[in-house]
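Hi everyone, thanks for squeezing me in. I'd like to walk you through one structure today, so let me put it up on the screen.

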Amino acid sequence: LVVNFLPTRLPHLAFDEFGGLSLLTMGTKPRDEVLLFVRRIVDVVLAAALCAFALANLSANDYPSGPERAPDVLAYLLVAAQTLPIAVRSRFPRPVLASVAVATAVYGALGYPLTAGLLAVAAAVYTVEMTERRGRATAWIAGFGVAILASPALSKAGIRSNEFFSA
């Protein structure tokens, strides 16, 4: 559920005046402020929905035995840190990817069970890919991808795929 109805890669050309001089400018900011506002509202709603879904997923599972660490207050805070930055992903795509990736890596390294909070990583990666140049986006995604994938190994917690979305 990712909405991308505003093109961000293709710059638009405009003539602006600065101190009596006509300048040709390029920008990617949408000209329609209403669409920009709608996009920001969609980001906030998406972040709230992801957070609610991930927290419900974390609290609905029971963890009687297994390699995962039982969820505690820190687990809930880390899930919120994974999902809530999505609310500002359109304005700050790289910092959002960084914060979501760090929260996800710490969550995995501490041995907590996988939750739907990983969907926030997908939304952050998508946003960086749509807003950055190809080479720079690949570097950002690869760097944080390695950290996220390595974090469960650091905790030596087994990943049981059948519990990923069980409720």
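Let's start at Gly111, which comes after helix α3 and has a positive phi, near 85°. Keep in mind as we go that this is a predicted model.

Now step back into the helix itself. α3 runs over residues 93-109. With 17 residues, α3 reaches 24 Å from its first C-alpha to its last, and that's close to the 24 Å expected at 1.5 Å a residue.

Which residues of α3 are buried? Quite a list, actually: Pro93, Val96, Leu97, Ala98, Val100, Ala101, Ala103, Thr104, Ala105, Tyr107 and Gly108.

Hang on to Tyr107, please, since Tyr107 also helps line the largest cavity. The other lining residues there are Gln82, Pro113, Leu114, Thr115, Gly117 and Leu118. The space inside comes to about 30 Å³, and the count is one cavity of 30 Å³ or more. As for the character of that lining, we've got four nonpolar residues, three polar and no charged ones.

Charges do turn up elsewhere, though. In general, side chains of opposite charge can pair when their charged atoms come close. How many salt bridges do we count here? Just one. Arg89 pairs with Asp43, and their closest N and O atoms are 3.0 Å apart. This pair links distant parts of the chain: Arg89 sits in the loop between α2 (73-83) and α3, while Asp43 belongs to helix α1, residues 33-60, and the two are 46 residues apart. And are these partners buried or exposed? Both Arg89 and Asp43 are buried.

That's my tour, thanks for listening!

Terms used
Residues are numbered from 1 along each chain as its sequence is written. This is a predicted model: local features need pLDDT of at least 70, side-chain atom pairs count only at pLDDT 80 or more; totals for chains, interfaces and linings use all residues. Side-chain values use heavy atoms; hydrogens and water are left out. On a 1 Å grid over the protein atoms alone, a cavity is a set of points where a 1.4 Å probe fits but cannot get out, and a pocket is an open set with protein on both sides within 12 Å along at least five of seven lines; lining residues have an atom within 4 Å of a point. Grid points are joined across faces, edges and corners, and a volume is the space filled by probe spheres set on the points. Ala, Val, Leu, Ile, Met, Phe, Trp, Tyr, Cys and Pro count as nonpolar, Asp, Glu, Lys and Arg as charged, and the others, Gly among them, as polar. A salt bridge is a side-chain nitrogen of Lys or Arg within 4 Å of a carboxyl oxygen of Asp or Glu. Helices (H or I, at least four residues) and strands (E, at least two) are DSSP runs, numbered from the N terminus. Buried means under 20% relative accessible area, exposed over 50%, partly exposed in between (1.4 Å probe, protein chains only). The expected span of a helix is 1.5 Å times one less than its number of residues.
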